[in-house]
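Colleague: Please take a close look at one part of this model for me. I would like to hear about the place where the two domains of chain B meet.

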Amino acid sequence: MSKSLTGYPRADGRVGFRNQVLVMPLHSALCATARRISEESAAVAITHDWSGEIDADFARIFKVMTGFAANPNIFATIFLTLGTPGELEIIDKSKSIGLSNSTIVNVSEIGSMELLYEIALKEAISYLALADQVARVSVPWSSLHLGLECGGSDALSGITANPALGVASDMLVELGAVSVLGETTEILGAEHLLAARALDPNVGKQIIETVARYERSINYEGIDMRGAQPSRGNIEGGLTTLEEKSLGAAKKAGSAPFTGVLEYADPAPKPGLYFMDTPGHDIEQLTGFAAAGINIVVFTSGRGTPTGSAVVPTIKVSTNTQMALSIPDLIDLNAGTIADGTQTLREVGELIFNEIVDVANGKLTAAELGRHQEFSLSRMYGTQIN
Amino acid sequence: MKRQGFDRALRGVGIRDYQLILPSVVCSTRIASRIANEVGSKTFAHQHGCGIIGNDVEGISDFFCDLAKHPNVGTVLIVGLGCETIQGNELAAKVKESNPTTSYLVIQESGGVAGTFNDGITAAKLLKSTYPPHLKNLDELVVGVEFSNSNSEIESLIAELKASGIKFEIADQNKNPGLNFSELMRRGVHLIVSFTEPNQPPSGFPLIPTINIASDSALHSALAKEFDLPNGSTSSAILNFILDVADGKETKSELSKAGEIIAPRVVRSV
Amino acid sequence: MRSLLILNTIDNIAVALADLESGSIIEQDGLQIEVLNQIPRGHKIATKPISKNEGVIKYGERMGHATSDIKVGEHVHTHNVLGDRLSAEQVK
């Protein structure tokens, strides 16, 4: 393989493929300021709806905020804070995960929202200048943590883009990278096939149990899932049942054996293919991946979506040629050629592999060019049961 | 009290004339924000619209309808993605039942981001020119009162509102002030008086002028100049401020751009 | 271009690679199928008869069951197929 990776090694041994400066508001009332800084500079920012409430979902929110702020693609994180104990705990934990450059801008010390903006913007600009001076160095394949995602699936997803992504994922796992399949909703009905590929029987059991736990939490609510899965868009595209969608979605994970199962937003401990328990909700999944230290995501779509993460480059692969042509600014690669008969699965898989490497090495994705920086906190609202 | 507002026919009379760019799903919040910035309309980010099940489907859809129904809102442009749970065309049909000055756009049918941006600007401008605002007497001002702990100031303000013939609604049940604001929005209040919780910063709801009143907490003392009214403001000072805001005076939260709103949910995303 | 994609020999459905006209005849891979409904691209067509409650097989795996008898050439979708899991029946 002639391709090789370059990136930015971090002090804790992880590697970034971007050198982002993130503005992270720790209270929803500070989000407008964060967004404004990202509009006025090359810094990235998130917004969220957490206002400091400590409830049953706090542990999950805490894990996501800390992991996200410490994603290895980040050169520096600027925290906008009220200085409450909960917020300061988030900052401390982000540092202990591995965030090395950070600045705290505390609005209750400054006393003015306008000054908060001015000071944080100035900090962002000086970090951006420093980040620009850092040179890429050659890094090993094990530094690549790939997230596998799909959204707006159609009937071709399981035939073109997903299995082609599976080819690329297998190639990377073979080279020693990490690859993570998410979306518990979308392996329901295919979990037996994934469990059969577990390296260790316990991992197989965990895959089955994770899906069963999910199923119990939905049944517990007494809800008919078919209103949401397959979604209306999926059904229009020809997908009939959740199992059918899952059988196609699981193809993103290729045919490599499963090394382990991860809880939402937990990092992979060593190279290999993993399954992570995430919602199917595109942004909650992408946010959980970023919080787990994943540094590149490939997102297959039959319908097209602008979705991107503030910190993780997200490569969009179209499942059909029609969509790739009609909304080109959302799409990086077209796998529809497999259905058209002009390219083979293997060929498109290699194209995706090459695109992953190129993007890791600095090529900007459509979502990055469009500055799409979505973020969503995943809450259970008390519906998590074990 | 003869006060002019904006005629919203069956939706009442508003004290502000906002055009709302309503993203019907988290995926379209960025593009909605770009359109709103370009044409000078109101929008906000939120995390809803897809991956929802059970009662949340109707709940979130009704929440969006209530946003569009609010009397401070003039015309509405709904921006959807296309494949989400709450479909733009159905939401638009439902919204139009109460606010007919609504149109909608779908990213997946508008040629992507650039296409949606251009179509969105055209559609938003067309809505504004087709439905210019008309003034009408505002017969009844409705004030929302948000607080976490009752105190004597709040009680005397409520007494004063009653005496002045001003209708009021109270929201005090949610831990997250954003949920209190959302609840008051659904009850159609024209403006909100927030007795900001001591450990919360001043904030507001994008479509509703919000008057933040400081407490004596350390946080509020530090952020004193971000509040509309200081700790210890008398109920008559608050009432005068309310009347000024109803007449067009802008609150601090109105001057800053709104970030993200929160809608009530009951079930996890799937 | 081929009009049908058969993903696994044990499947009882195929995926339409183009919009299929009702009444047209498809000859492919030794099959001859009369299309009984309008079938949009990406949707499924029965390649074998499927009885009510029998499994619908795609990718060689069960993706749900038929809720009525399905003839060869019929559109296979939500009107005649239901998932086995997380459906209303299971919830009740």
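Modeller: A word on terms first: the domain bounds used here come from an automatic or database domain assignment. Keep in mind that this is a predicted model.

In chain B, that assignment places domain 1 at 3-134 and domain 2 at 140-255. Taken over C-alpha atoms, the centres of domain 1 and domain 2 of chain B are 26 Å apart. Domain 1 of chain B brings 15 residues to the contact, and domain 2 of chain B brings 11 residues.

Now the domain 1 side. Two elements of chain B, β3 (18-23) and α2 (55-69), each give at least two residues to the side of domain 1 that touches domain 2. What is the make-up of that side by class? On the side of domain 1 of chain B that touches domain 2 of chain B, 7 residues are nonpolar, 4 are polar and 4 are charged.

Step back to the whole chain. Chain B holds 9 helices and 10 strands. Its radius of gyration is 19 Å, close to the 18 Å from the globule rule for 270 residues, so chain B is as compact as a globular protein of that length. The C-alpha trace of chain B spans about 55 × 40 × 30 Å along its principal axes.

Burial and contacts complete the picture. Of the 270 residues in chain B, 57% are buried. Take the contacts in chain B between residues at least 6 apart in sequence: 68% of them join residues at least 24 apart.

Notes
Residues are numbered from 1 along each chain as its sequence is written. Chains are lettered from A and ligands numbered from 1 in the order in which they are written. This is a predicted model: local features need pLDDT of at least 70, side-chain atom pairs count only at pLDDT 80 or more; totals for chains, interfaces and linings use all residues. Helices (H or I, at least four residues) and strands (E, at least two) are DSSP runs, numbered from the N terminus. The radius of gyration is taken over C-alpha atoms; the globule rule is 2.2 Å times the number of residues to the power 0.38. A residue is buried if 20 or more other C-beta atoms lie within 10 Å of its own, exposed if 12 or fewer, and partly exposed in between; C-beta atoms are placed from the backbone. Two residues are in contact if their C-beta atoms, placed from the backbone, lie within 7 Å. Ala, Val, Leu, Ile, Met, Phe, Trp, Tyr, Cys and Pro count as nonpolar, Asp, Glu, Lys and Arg as charged, and the others, Gly among them, as polar.
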